[in-house]
Amino acid sequence: MFRFRCKSRRLRYLAPLCAAFSLISGTAAAASPSPGGVRVVVQEWSPANPRVQNDRVVVDEPGLLGNALATGWAKARGPVCDAIAKYAGKPDLVSHGVTLYEIDCRMAATGSLTVTGFANDLLTLTYTLPGNEFKAKATQDTVAGAYANPCMFVYYDVTATTSVHLSTLAVDAFKVSIGNVSRPDSCNTAGDVEKFFANAYHFFGGPDYLARVQSALNVSQSIATGPLNTAVASFVDPIARYSNAYTTRTNWIRNGNVYVVLAPKYVPANFVAGIDGVIAVEKDVRAAAPDCSTFTLSGRVQTGPAPIYDPVALTTADPPFASVGSGHGSGVASDRGDRFECRYSATQMPAAVPVKYAGTGVAQADGRIARVGLIADGWTGDAALASVASGKNFKTALLPAATRFTTQYFTNRTIADTHPNDDAVENGDFKARIAPVADLADLNPQPLPPAQKDVDLASGNRLFASGDFAGAAAAYDRSHRANASSAVALHNLALAHARLGQTGRAAGEFRQAAALAHASGDIATEKSAQAAIIIVGGARR
């Protein structure tokens, strides 16, 4: 094992480098895994059953690339040193009349890998080899005897960069640079020859020596990159195996490791399905018959699995959706005694995949025009249909005055959205996007019911009012866990999650809160939850 020789007074400034190399060379390095690990994840998902997905890890190899480069370098460093020594022993290289002999070239036993780029099918790797040593004696251009020949040694770092073409498994020749060249130090008394040392420093830090190291490393490419080729093939093969069925690929570089996620993408097609029915407007809410033509509907279909935004923990965000089809009310509203009814139809919906239907309209109430949302009446509001289905009715709910707020969501985005320190690389159909959520109604947390003492619920309301939505969510969650039948706690928890941008989670909680409130007769909480379902559903389009 190579050891630094740092006892010379001239090399005191290299003490930190010596300490660093002792860690690399010694047993301490074995305590932490080598960088350059590779993980490949396949997201199994079908548009026919979009709520079910399986994020399956098909490759998980810590230190794969780093270990491969270490193996290749262990075989290459001997030939590299031999080539350098052969070159350096030629006459007059350092200066006129000077020939180096008794050359001892010691390249670093190991290096450190950095993954510097990953775009499309090009992976860029940098391998840093610190603390390489070159030691030699030199003849003189004087009549002095051999006893006066100086002996010197010098340290330097080598950085080698290569690109790996995943599509062809080709590894480019290393591009080499030399840095941190130390001043040559003497290893004998006769070594203190000012002119010689000045020339030696320029030689070892200059283009001639760099060119020789580059040439020596290129000669050893078949040895150095063989293990790297094998390592790359081990994770490229699974990528190629799934590439036809999984059309979206996202690449990450995090903490020196490489992550690849493959996911399918559904493009809506076969637009032969649709729905029709009536839209009911209650008279106790609306004083006048509505204009049926103001009601519009559309569908939403999930176009892929919930995307992974943390490839280590496999954490996912809200799934992507696309708007499909269109519908509208028609004719004149019919008076049914306690309500008005408008006929509607919606067409051009994709068949055989679940479609979530929603809509809005306007109606007159208390002498003013109000925006209303449509809530499925007697069915869930989503269906997978083969053709047009009748009897899919809706009822209306008054939407509170809207206020805008901005949040971050994850449909079609890179991981940089949530991890700004990551080196995320967009690829395929994923693009960074920070967008405002659609108008979110001016919904506020529901107050505590009369005579109810709930410390967590009260704390959540105070935190929500102060703008601490994360703290409010935690408090509401504690309240709901303590009383699972509390529609108020679940409603407020959903509202906090909506303000945090977790719209998919919030929509489900609002639906559960509406059901709990209906069962307990809490009309205010039920109506607030129903209105929020419509608005949050629009925010997720």
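**Aromatic contacts, strand pairing and nonpolar cores**

Both Trp-379 and Phe-394 are buried. In this predicted model, the two residues make a good starting point for a reader new to the structure. Six aromatic pairs are counted in total, and Trp-379 with Phe-394 is an edge-to-face example, with 5.6 Å from centre to centre and 75° between the planes. This pair links distant parts of the chain, its members being 15 residues apart. Trp-379 belongs to the loop between strand S19 (368–376) and strand S20 (382–383), while Phe-394 belongs to strand S22 (residues 394–398). Tyr-344 and Tyr-357 join Trp-379 and Phe-394 in one aromatic cluster. A ring also takes part in another kind of arrangement: Arg-300 lies over the face of Phe-321, 4.2 Å from the ring centre.

The strands come next, and S17 (residues 339–349) is a helpful one to follow. Strand S12 (residues 273–282) pairs with S17 in the antiparallel sense, over nine bridges. Within this pairing, Arg-343 of S17 stands opposite Val-278. S17 also runs antiparallel to strand S16 (residues 321–335), to which seven bridges join it. Here Glu-341 in S17 is the bridge partner of Ser-334. S16 and S17 form a hairpin with three residues between the strands, and in this hairpin Gly-337 adopts a positive phi near 90°.

Turning to the nonpolar interior, the largest core holds 63 residues, and the members that touch the most others are Leu-65, Phe-134, Phe-204 and Phe-235. Helix H2 (residues 64–88) supplies the largest share of this core, with 11 residues. Leu-65 shows how such a member is surrounded: apart from neighbours within four places in sequence, its contacts are Gly-36, Val-38, Leu-113, Leu-123, Leu-125, Leu-228, Ala-231, Val-232, Phe-235 and Val-258. A second core, separate from the largest one, has 29 residues, including Leu-297, Ala-346, Ala-376 and Leu-385.

Finally, is His-480 buried or exposed? This residue is found in helix H8 (residues 469–482). His-480 counts as buried because its relative accessibility is 17%, and the cut-off for buried is under 20%. When residues up to four places away in sequence are not counted, His-480 touches Ser-486, Ala-489 and Leu-490.

Key:
Residues are numbered from 1 along each chain as its sequence is written. This is a predicted model: local features need pLDDT of at least 70, side-chain atom pairs count only at pLDDT 80 or more; totals for chains, interfaces and linings use all residues. Side-chain values use heavy atoms; hydrogens and water are left out. Two strands pair if DSSP finds at least two bridges between them. Helices (H or I, at least four residues) and strands (E, at least two) are DSSP runs, numbered from the N terminus. A nonpolar core is a set of buried Ala, Val, Leu, Ile, Met, Phe, Trp, Tyr and Cys residues joined through side-chain atoms within 4.5 Å. Buried means under 20% relative accessible area, exposed over 50%, partly exposed in between (1.4 Å probe, protein chains only). Contact means heavy atoms within 4.5 Å. Rings of Phe, Tyr and Trp (its six-membered ring) pair if their centres lie within 6.5 Å; planes under 30 degrees apart count as stacked, over 60 as edge-to-face and the rest as tilted. A charge sits over a ring if NZ of Lys or CZ of Arg is within 6 Å of the ring centre and within 35 degrees of the ring normal.
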